[in-house]
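The following account leads through a protein structure by way of its helices, its loops and its charged side chains. The reader is invited to keep the sequence and the coordinates in view throughout.

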2 protein chains.
Amino acid sequence: MVLSTAKGSIPLYIQIKDLLVARVTEGKWVPGDTIPSEIQLARELNVSQGTVRKAITELVENNVLVRRQGRGTFVATHDVDRALFHFFHIVNDSGIKILPESKTLSCRKKRASRQEASKLKLSNGAQVVCIERTRKLDNQPTIIETIILPQSLFGELGKRQARNLPNTLYELYETQFGITIHRAEEQLRAVAASEHDASLLGLEPGAPLLEIERTALTLGGTPVELRISRCSTSKHYYQNTVL
Amino acid sequence: MVLSTAKGSIPLYIQIKDLLVARVTEGKWVPGDTIPSEIQLARELNVSQGTVRKAITELVENNVLVRRQGRGTFVATHDVDRALFHFFHIVNDSGIKILPESKTLSCRKKRASRQEASKLKLSNGAQVVCIERTRKLDNQPTIIETIILPQSLFGELGKRQARNLPNTLYELYETQFGITIHRAEEQLRAVAASEHDASLLGLEPGAPLLEIERTALTLGGTPVELRISRCSTSKHYYQNTVL
DNA sequence: GATGTTAAGAGTTATATAAGACCTTAACCA
DNA sequence: TGGTTAAGGTCTTATATAACTCTTAACATC
């Protein structure tokens, strides 16, 4: 790629930003990598350090890169902190957030339903991996999660790791499958607990549950995970901060 | 206030940012005002335009200021768009967001409950204004809202405007009371509809409702509104985008 | 000789400044 | 009425210097 400085063209720092994003999405730089210093990139691209810096700044605000003064700039990784901070919103009544432990109930392959296929942008009836698990908060089963993954991306999962899945899946996606979840869209509803829900959570059937349907996307915007969580909110709630 | 450039002191642009925020919170600049240009501020404060610019940039990211190239920089206002975009999260099943019309049921004074006082940081038993209203989505009553406001700030409301309240309250707070809502914290739960809820929404008692408890804060971080919404989510859902 | 402390240096990001390009508006003129 | 221009705002880019982090080597101490 060559940068254009012609009159009326896109600003340099935007072009550089796109170029840096491309290096991440293509896997040339992977999570945890140190990217070249601002000065190196500036020399390579024939612009000033400040211009590279502006591009990087926006990517840091997007959670694509992480800066550490005196150290360098890194491709952001999915550690537990990020999972908690960005993607987990359930807190207990004291407002404290703790990542729940998980117990996998099943992990099998099936054909995607119409809805699932549409939300994951798969062709009708494509194969998916379907995980079901419960999660404990404050030592009480509180959440039932159903996770749908395209088999084309996560094929290995069906075979090997059926029952010993780690607690933070996004870390696994990143390290084992080279897939980094970058953002998500969540749709929340109140639903009545089914018999199945109720027995797993120790509630009466018909009890109100908070249903969170999350579509998780990569940096490129491809949906790669569909996750439906049904939560008992008698001792916990979903916390959202509106800026 | 004087800026400090001594070695080891806080960066200039942060000091400028604080200074600009102060001018907004003190009411020296009010929503809609044009603030002095970057160059004017730079001259006034004896720094370069770029330094002022960096301060303003962060405030734009915080939704405190709004820039318009060629026009100037303005203090952000609470128009309908902002209300919709930042503070209203209910969309219909097609993903479309429409601000619901409101019907005020009651507007009266009372003493704050313990919880209300604590969440609004009022002394125990302080006077509050309590508004109850329903809101229609797609021509169907879908939300019941209970709004609690400190009477110390919103005294006038109790008297005059009892029944002809506008649809977007935050605009009213800003224009009539000089109070700008800057951010909010929302706590979501699934609850069972009471008889009262059910009759207002045309549902069976016990039907699951999504309860949203929102605390709205000023730029200074003072809580100024407590709002509890109970929503039927059979044809709508709460949309949250996680970046 | 082994170990802990200090100082210097190289490499990195962070801050501040300056200059010109670009955008918007309004006044002016043909 | 429509085009031109000037003024004044933000936006982009470049450059210089400060602040921070880590490594290494010199040195004192046990």
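What covers the buried residues of α4(A)? The model considered here is a predicted one, and helix α4 of chain A, residues 80-87, is a convenient place to enter it. The buried residues of this helix are A:Arg82, A:Ala83, A:Leu84, A:His86 and A:Phe87. Their cover includes, from chain A, α7 (169-177), β8 (183-192) and β9 (208-217). It also includes β11 (236-242) of chain B, so that a strand of the other chain belongs to the surroundings of α4(A).

A:Val80 also lies in helix α4 of chain A. With a relative accessible area of 38%, A:Val80 is partly exposed, because the buried class is reserved for values under 20% and the exposed class for values over 50%. Leaving aside residues up to four places away in sequence, A:Val80 touches A:Leu99, A:Thr168 and A:Glu171. Of these partners, A:Leu99 is 19 residues from A:Val80 in sequence, and the two C-alpha atoms are 8.5 Å apart in space.

The next topic is the packing of helices against one another. Two packed helices are described by the angle between their axes and the distance between the axes. In chain A, helix α1 (residues 12-25) and helix α3 (residues 49-61) have axes that come within 8 Å and cross at roughly 55°. That angle makes α1(A) oblique to α3(A), and the crossing is right-handed. On the α1(A) side, the contact is formed by A:Leu12, A:Tyr13, A:Ile16, A:Lys17, A:Leu20 and A:Val21. They meet A:Thr51, A:Lys54, A:Ala55, A:Ile56, A:Glu58 and A:Leu59 of α3(A). By class, this contact has 8 nonpolar, 1 polar and 3 charged residues.

Chain B offers a second helix pair. Helix α2 (residues 38-45) of chain B packs with α3(B) at an angle of about 110°, the axes being 8 Å apart. This makes α2(B) roughly perpendicular to α3(B). The crossing of α2(B) and α3(B) is right-handed. From α2(B), the residues B:Glu38, B:Ile39, B:Leu41 and B:Ala42 take part, and they meet B:Gln49, B:Val52, B:Arg53 and B:Ile56 from α3(B). The contact of α2(B) with α3(B) divides into 5 nonpolar, 1 polar and 2 charged residues.

Helix α3 of chain B also takes part in a salt bridge. The side chains of B:Glu58 and B:Lys17 meet at 2.7 Å, N to O. This pair links distant parts of the chain, with B:Glu58 in helix α3 (residues 49-61) and B:Lys17 in helix α1 (residues 12-25), 41 residues apart. Are the two partners buried or exposed? B:Lys17 is buried, with a relative accessible area of 17%, whereas B:Glu58 is partly exposed at 22%. The two fall into separate classes because the limit for a buried residue is 20%.

Over all chains, the structure holds 30 salt bridges. Another of them joins the side chains of B:Arg133 and B:Glu145, again at 2.7 Å, N to O. B:Arg133 belongs to strand β6 (residues 127-137) of chain B and B:Glu145 to strand β7 (residues 140-150) of chain B, and the pair is 12 residues apart. Both B:Arg133 and B:Glu145 are buried. A further salt bridge, at 2.9 Å, N to O, is formed by the side chains of B:Arg227 and B:Glu225. B:Arg227 and B:Glu225 are likewise buried. In chain A, salt bridges that share partners unite A:Arg133, A:Arg135, A:Glu145, A:Glu225 and A:Arg227 in one network.

The backbone of two loops in chain A completes the account. Which phi value does A:Asn46 have? Its phi is near 65°, a positive value in a residue other than glycine. A:Asn46 lies in the loop between α2 (38-45) and α3 of chain A and is exposed, with a relative accessible area of 71%. A:Asn139 likewise has a positive phi near 65° in a residue other than glycine. The loop that holds A:Asn139 runs between β6 (127-137) and β7 (140-150) of chain A. With a relative accessibility of 66%, A:Asn139 counts as exposed, since the exposed class begins over 50%.

How values were computed: Residues are numbered from 1 along each chain as its sequence is written. Chains are lettered from A and ligands numbered from 1 in the order in which they are written. This is a predicted model: local features need pLDDT of at least 70, side-chain atom pairs count only at pLDDT 80 or more; totals for chains, interfaces and linings use all residues. Side-chain values use heavy atoms; hydrogens and water are left out. A salt bridge is a side-chain nitrogen of Lys or Arg within 4 Å of a carboxyl oxygen of Asp or Glu. Helices (H or I, at least four residues) and strands (E, at least two) are DSSP runs, numbered from the N terminus. Buried means under 20% relative accessible area, exposed over 50%, partly exposed in between (1.4 Å probe, protein chains only). Axes are lines fitted to C-alpha atoms, for helices over the stretch in contact, and angles run from 0 to 180 degrees between N-to-C directions. Angles under 35 degrees count as roughly parallel, over 145 as roughly antiparallel, 65 to 115 as roughly perpendicular and the rest as oblique. A crossing is left-handed if the near helix is turned anticlockwise from the far one by less than a right angle, and right-handed if clockwise. Contact means heavy atoms within 4.5 Å. Ala, Val, Leu, Ile, Met, Phe, Trp, Tyr, Cys and Pro count as nonpolar, Asp, Glu, Lys and Arg as charged, and the others, Gly among them, as polar.
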